[in-house]
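Trainee: Please walk me through one part of this model in detail. I would like a single stretch, followed from one element to the next.

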Amino acid sequence: MANVAKKVSWSGRDRDDDEDGRAGETTPLLNGTGPGAAGSGRQLTPSSFLRIGQLSNVDLNEDIHELETELPRQRPNEIPHNEKLLSLKYESLDYDNSENQLFLEEERRINHAAFRTVEIKRWVICAMIGILTGLVACFIDIVVENLAGLKYRVVKDNIDKFTAKGGLSFSLLLWATLNASVVMVGSVIVAFIEPVAAGSGIPQIKCYLNGVKIPHVVRLKTLVIKVCGVILSVVGGLAVGKEGPMIHSGSVIAAGISQGRSTSLKRDFKIFEYFRRDTEKRDFVSAGAAAGVSAAFGAPVGGVLFSLEEGASFWNQFLTWRIFFASMISTFTLNSVLSVYHGNAWDLSSPGLINFGRFDSEKMGYTIQEIPIFIFMGVVGGILGALFNALNYWLTMFRIRYIHRPCLQVVEAMLVAAVTATVGFVMIYCSRDCQPIQGSSVAYPLQLFCADGEYNSMATAFFNTPEKSVVNLFHDPPGSYNPMTLGMFTLMYFFLACWTYGLTVSAGVFIPSLLIGAAWGRLFGISLSYLTKGSIWADPGKYALMGAAAQLGGIVRMTLSLTVIMMEATGNVTYGFPIMLVLMTAKIVGDYFVEGLYDMHIQLQSVPFLHWEAPVTSHSLTAREVMSTPVTCLRRIERVGTVVDILSDTSSNHNGFPVVESNPDTTQVAGLRGLILRSQLIVLLKHKVFVERANLNLVQRRLKLKDFRDAYPRFPPIQSIHVSQDERECMIDLSEFMNPSPYTVPQEASLPRVFKLFRALGLRHLVVVDNRNEVVGMVTRKDLARYRLGKEGLEELSLAQT
Amino acid sequence: LGLAPAAGPRRTPALELAQELAEELWSAGLPGDLPELEPECRSLLAAFAEGSAALTDCLGRRARPVRLCQGCRGQYSRLLAQYGSIARAVGNSTESHNCAKSILTSDRLQIVVTLSEFFNETWEAANCANCLKNNSEGLSNSTEEFLDLFNKSLTCFEHNLQGQAIDLSPNNYTEVCKNCNETYTKLNDLYNHLQRMNRQGGESAHSAHLCIDVEDAMNITRKLWSRTFNCSLPCSDTVPVIAVSSFILFLPIVFYLSSFLHSKQKKRILILPKRIQSNANLVNIQEKYS
């Protein structure tokens, strides 16, 4: 139940249309009001407009079933943004199939063989998802490699030149300006063209798979902006990675392909029309997310488990198998294309965007005695991760409240880019840690104040793309970094990464987390080998890996999928156990303080996200207390004017309407007959499926399910449908189109019961009926998501216009 | 038996060993004892033993300062040829009796194979192919040029040092720095150029290195130049760097403060939900559970 025709942004700021949504208040319930009356909304109190809405409901449609309620009389509440809100702008996806007569007819018409082709088409789509995701990953990788290489070469030449002559401050300026300008472009496209492409995209996909429709999240435009944005922010030298956004990219690709058309391009390829509904789309999006993980880390199994862990509530082994297929295809495509690009076409050596390299030498093994040490590292990771999240929480809150204008967001991103370069430069400048250049695989060795033939070791960490730095930290031989360098690097990068996440650029948090963890893990390993007088088992690379796992686990709090991803990225199954221990400890310790970064951001965006279970202490709440009431109902044969008025009532922007028996006698019981959706009503109005016209044989053909699918997923707003005065008097028969068997619960059902039904079936509307089958209320996602287990027990979130 | 040339005045232990081996083989080759080792094979094996001894000798002698590629390429290519002739050689009769089989694969240790692998790997690791001509005959032009320049700069160093007093305090190298700067810079540039060319030419990671002779020569010179003579003193302009960086670091503070003070705080408008008990709010729930 939310506004339909609104443009919404994820990133905390709104387009200036939040007044438009409530414009109808001043001129209630006349058709066609809307954006015209903008600007007048803020002064009206919510209670007054509720009253108007209700009075006019009574005026216009006598039969609307409603209960007497006391209307609250409170002053309007304008509060600063906080985490205990639910935004009205997010809608649910319909996972439930509407089994109306049209559906049954179509099913009768399609024979058995046709269903088999549908199944084959699913496989074809999954293969295409894999291939395209892999190709997008290749594109990102190659472009980033070349552009970043160009940038670092330019800066390096400049630094080399000025080291001899003096005037290094110019090199600093050059570096900072280059970074800031590249990031500016990346930030401008995100902030002004598609704000939903900001961030890593994992929270958004998580919400989508949970069943929340985040506007614009799976559009082609988003994909383009995302890909360009990632390239620019990595090239701009921010403390970000390109792995997280791959998941979003994969999902967009999946959603696009499975629909066989693009609304951004305004092209309809007339294929895969069968899949044009939320149920199918969501399945494919989970395949796309898996393909994205798989391309990012070369971890097909991890990708499947990611989809399983993070979202899809609806699993059967066929879907899992298809998702695995898409993942495998994706990593294979990336691998083969990159191998060809790197010139060794047949050796398939780069399965993911980031490759942790091989950990299989003798020294890299671990012994039982080391396991307590790993667990301790998990604890450290959990604490540092919680600190990261807490800092990022305050920062994000500040950003939502004060930095909501796009220009400010762009300026902020530029400043972060400039400061990142400056911090890097100052660290390199101050470092006196020189290492011999021979035999090392440093891509851009900076000599600076080192002797000839040596390079600055701090520069390997800062003067490089984060992916390369991670791999260096894992694999450089012991002694490549001195502890001071690592300590300073960890400290600085921690704050930079924390500051960077949440900017209006598209960028992921995986790699920075890994990098922080690898740095302190390596430091830990070095100090361990000091303590143990250089034992053979204290190889710093191994501890760098564990530190990376601990830090990442402490920040994102993923469990199963992250273990498998790390295992697959290292290509070493024996590390599975220590990595699992480390991640578990990090999660337990971290959860003690604050929740994971992604969940935190979902909450800060006021998304009605349904967790796995209802809050544990909520059994005494019943459906009666949870539900929204009164419910706007429609009669089975309804006057067109009434329908139009209800649909255009902006104050109660409902999406599903219970259909009750059309009894002329209002005093009699009007039992529930079905449920009809706003989208269906709009299609009906558009095609003018009125009883009178049918009687006059004006309707050329019967409406088919295809007509509904063609309008999916963006149904036109009611304002764009013209209904003349005469037509308003016609009647419309809903019985063919409504879902005749909507899920219902009795009023006495407890919240966990309702929650379970809602969550497990992926419902959007759950009708609450009394014992005479009369509609008393409606439970939607926001009614359930309101209840949350907070620090002091059960909390209730408030609804807010955002 | 071809052992004669090795019996020179400098008989190294390795050579002696090789000869012993050969003699043993000779004695073992008496009819009846080792009938399967043909005389041709015996001579091939002896030649290989001799060649490997010579190469080992050369490698050891030229380990420091590294002159492997310049000094030992003859021995190496000879050894390669000898190994090749063993591997290819076919005995007088059937294929089952060829030398390759009897020498290379008839025992567990396979010492000839191990030796030849060791030499090959060393040669690969030294990356000598990089500074030799394509047919391995002579150094490539760029290497010659580099070594020329290297010798020149060494001469320059020596020349300038001789001019000074014998006991040199660390600060007295200014003369060297001034006079040899040109040669050194040329050498350095040439080295960097070679490196860049090399990196562009070869794709695989292995050929990223220049050959060990060149690398080592450059290393020595650089160490002398910047460590011993302390010639490369980069200008450190700390003040401007601090100024610029503190300016940049200051900008975010200004930005956040100003947006905190001047930007209008985002307000959310609470919507009252439609419920039966509209007072069933947080307080109510809290009471229920406390």
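A close look at one stretch

Mentor: Start with helix H27(A). Exposed residues Arg753(A) and Lys756(A) sit on the face of H27(A) that points away from its buried side. Keep in mind that this is a predicted model.

Now turn to the other face. H27(A) spans residues 751-761, and its buried residues are Leu751(A), Pro752(A), Val754(A), Phe755(A), Phe758(A) and Arg759(A). These lie on the same side of H27(A), because the arc they cover around the axis is only 155 degrees. The general rule helps here. An α-helix has 3.6 residues a turn, so residues three or four places apart point the same way. Note that the buried set includes Arg759(A), while Arg753(A) is exposed.

Next, leave the helix. Gly762(A) comes just after H27(A) and has a positive phi of about 65 degrees.

Then comes strand E15(A), residues 765-769. Five of its five residues are buried, so E15(A) is largely enclosed by the rest of the structure. Look at its two faces. On one side are His765(A), Val767(A) and Val769(A); on the other are Leu766(A) and Val768(A). Both faces are covered.

What are the partners of E15(A)? Take E14(A) to begin with. This strand covers residues 744-746, and three bridges join it to E15(A) in a parallel arrangement. Within that pairing, Val745(A) has Val768(A) as its bridge partner. Helix and strands belong together here: E14(A), H27(A) and E15(A) form a right-handed β-α-β unit.

The other partner is E16(A), residues 775-780. E15(A) and E16(A) pair antiparallel, over five bridges. Opposite Val767(A) stands Met778(A) of E16(A). So much for the ladder; now the turn. Five residues lie between the two strands of this hairpin. One of the residues to check in the hairpin is Asn773(A), with a positive phi near 65 degrees.

Put the pieces in order. E15(A) pairs parallel with E14(A) and antiparallel with E16(A). In general, strands of a sheet pair through backbone hydrogen bonds, either parallel or antiparallel. Val768(A) is bridged to Val745(A), and Val767(A) faces Met778(A). These two valines are on opposite sides of E15(A), and both are buried. H27(A) completes the β-α-β unit with E14(A) and E15(A), and its exposed Arg753(A) and Lys756(A) are on the face turned away from its buried side.

How values were computed. Residues numbered from 1 in each chain as written. Chains lettered and ligands numbered in written order. Predicted model: local features only at pLDDT ≥ 70, side-chain atom pairs only at ≥ 80, totals over all residues. Heavy atoms only, no water. Buried < 20%, exposed > 50% of the residue type's maximum accessible area, 1.4 Å probe, protein only. Helix = DSSP H or I, 4+ residues; strand = E, 2+ residues; numbered from the N terminus. Arc of directions from axis to C-beta. Pairing = 2+ DSSP bridges. Right-handed = clockwise from strand over helix to strand, strands pointing away.
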